Amino acid sequence: MTFSAGFSVQAVELFCGAGGMSRGLIDAGIEVIRAYDAWPVAVENYRHNIGPHAEVADLKNLLSIIPEIVRLAPDMICGGPPCQDYSLAGRRQEGENASMTVAFAIIATAVRPEWIVMENVIQASKSQAWAEARAMLKRAGYGLSESRTNASLYGVPQSRRRFIVTARLGERDGFLQSAVADAASARPMTLRDMFGPLIKSPLYFPATSAARRSLYSPDESAPTIRERSIRPVPATWHPHAADIALIENGYVYSRPVRGGRGVRTIDEPFPTVTRTSWERPAPKYLGNPHPDDPAPAELTATLTREQASRIQGFPEDWQWIARTQRDILQMIANAVPAPLAKAIGEIILARQAGQTVPAIEGRFLDWLEHNGQRRTIARNIKASAMRARRLLGGRTYADSARELADLDAVAGFASLPKNTRSDLRRALVLLAQFESSKKSRPKTTRQTRATETAPEPIVLADAA
Ligand SMILES: C[S@@+](CC[C@H](N)C(=O)[O-])C[C@H]1O[C@@H](n2cnc3c(N)ncnc32)[C@H](O)[C@@H]1O
């Protein structure tokens, strides 16, 4: 994806760890100008692999941190506050770590950059801390997109499910949801996709997406059987002994969480990488293995530290430095997989550059019909709403009056025919009413069309 010349987003990262999120955002084209973490070991690894802009700081010290970041005037604040209080493996009681989610929101709303990105475990979305943080962001004027992502659909062979919040000043809630969903690959990336087929004379078909591999055996069907897409194998490719062992074995063990399967095949993604993922199966598990394990746990391969690091999206040349293996494993397990962060960064940059337009979610056409519009007219209204959003560079607006004012100010709008201008304005007003009606409708878990709340009648503002 390419972005407009001279276009840049500067970010400050909070709770940066060793730099998984920064790595991905930088790869997307975002400039990370400062990063903070309280753990000196993580900051040392960040500085060694990414750059000198990481600092050791306790982000509870709001009075010193906030003025410092205000002076930096970033376009974005991003970060993954600690999640132990929420994660399945943790105590499940909200304590000091959960309050760091609130600290994140306090800093972000005080600095008030255009963009905010926050990553956490899925359980955080239901927490009291997120409810408080969310309320702060809303009061500060942010529209929020809350997505539940699976990293295996964004370029790593790991079923890591995470809650990703993107926020932008002035937007409607959900403004980026369709773009995040559209960026997901059609199928999860597998361990075989990453560690390669076991082949002596590989064929190289440059991958067309993050979820595809590039090397294929002459014996298997490649994704695109076109002679001209076969290229020489890159000189940098060399099989690792551990990767060969993993592929030869075909199965891998990962200590299960909550009674799940311990054994995976290499044609699946690995489960969420934790600090203990690569422990060998304990006698307790061997005595009572999961009934759906595809192979005996004692015969499986175990990931090496380097493989775990790559499954978390760290590049092959990443250098881990720490006195203990435990610290390295902790930093790896803590990270946002860099390819996932890269995908989010690219989605943000594309929207900022006006290259994508949010889909209209929900039953807009049905709503228009319920409100007396014929289907063909409803389709025209929807098409006009999309055209107006394109003219607005993909922006959605929490404030309808501002949306119409900005539309009027768009270059070239004034020279459109009067009827077209009026249609575009009217379509945006109707879309805003539809969006508000979605919010006010009570949510039920099993709502059928027959039981849907009757739509509010349309009261058209004078949009012409
Ligand atoms: C989930 S990890 C972040 C990982 C990072 N996003 C990445 O991609 O590598 C959370 C981080 O918060 C840091 N942390 C915890 N309490 C903190 C505090 N009071 N101030 C600053 N950092 C803190 C931890 O040291 C840890 O590195």
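**Exercise 1. Work out what kinds of residue surround the ligand, and which of them come nearest.**

Solution. Start with the classes: the shell around the ligand is made up of 12 nonpolar, 5 polar and 4 charged residues. Keep in mind that you're looking at a predicted model. Next, go for the nearest ones. Out of the 21 residues around the ligand, those that come nearest are Met21, Asp37, Asp58, Leu59 and Val336.

**Exercise 2. Find backbone atoms of Gly20, Ala38 and Val336 that pair up with ligand atoms, then say how much of the ligand the protein covers.**

Solution. The cut-off to use here is a pair of N or O atoms within 3.5 Å.

- Step one: take Gly20, where a backbone N or O atom sits 3.1 Å from a ligand oxygen atom.
- Step two: move to Ala38, which has a backbone N or O atom 3.0 Å from a nitrogen atom of the ligand.
- Step three: check Val336, with a polar backbone atom 2.9 Å from an oxygen atom of the ligand.
- Step four: turn to the area. On its own the ligand has 610 Å² of accessible area, and the protein covers 90% of that.

**Exercise 3. Track down the largest cavity and describe its lining.**

Solution. Searching the whole structure turns up 1 cavity of 30 Å³ or more. The largest cavity holds about 40 Å³ of space. Now list its walls: Met21, Leu25, Val117, Glu119, Ile164, Val336, Ala341 and Ile344. Sorted by class, that's 7 nonpolar residues, no polar ones and 1 charged. Finally, map the lining onto the fold: helix 1 (20–28), strand 5 (115–121) and helix 12 (338–352) each chip in at least two residues.

**Exercise 4. Classify the aromatic pair Trp130 and Phe163, and say why it ties together separate parts of the sequence.**

Solution. The structure has 9 aromatic pairs. In this one, the ring centres of Trp130 and Phe163 are 5.6 Å apart and the planes meet at 80°, so call it edge-to-face. Then place each partner: Trp130 belongs to helix 5 (residues 128–139) and Phe163 to strand 8 (residues 161–169), so the pair links parts 33 residues apart in sequence.

Technical notes:
Residues are numbered from 1 along each chain as its sequence is written. This is a predicted model: local features need pLDDT of at least 70, side-chain atom pairs count only at pLDDT 80 or more; totals for chains, interfaces and linings use all residues. Side-chain values use heavy atoms; hydrogens and water are left out. A residue is near a molecule or strand if one of its heavy atoms lies within 4 Å of it. A polar contact is a pair of N or O atoms within 3.5 Å; within protein, one must be able to donate a hydrogen and the other to accept it, and residues adjacent in sequence count only if both atoms are side-chain atoms. Accessible areas come from the Shrake-Rupley method with a 1.4 Å probe; for residues, only the protein chains shown count as cover. Ala, Val, Leu, Ile, Met, Phe, Trp, Tyr, Cys and Pro count as nonpolar, Asp, Glu, Lys and Arg as charged, and the others, Gly among them, as polar. On a 1 Å grid over the protein atoms alone, a cavity is a set of points where a 1.4 Å probe fits but cannot get out, and a pocket is an open set with protein on both sides within 12 Å along at least five of seven lines; lining residues have an atom within 4 Å of a point. Grid points are joined across faces, edges and corners, and a volume is the space filled by probe spheres set on the points. Helices (H or I, at least four residues) and strands (E, at least two) are DSSP runs, numbered from the N terminus. Rings of Phe, Tyr and Trp (its six-membered ring) pair if their centres lie within 6.5 Å; planes under 30 degrees apart count as stacked, over 60 as edge-to-face and the rest as tilted.
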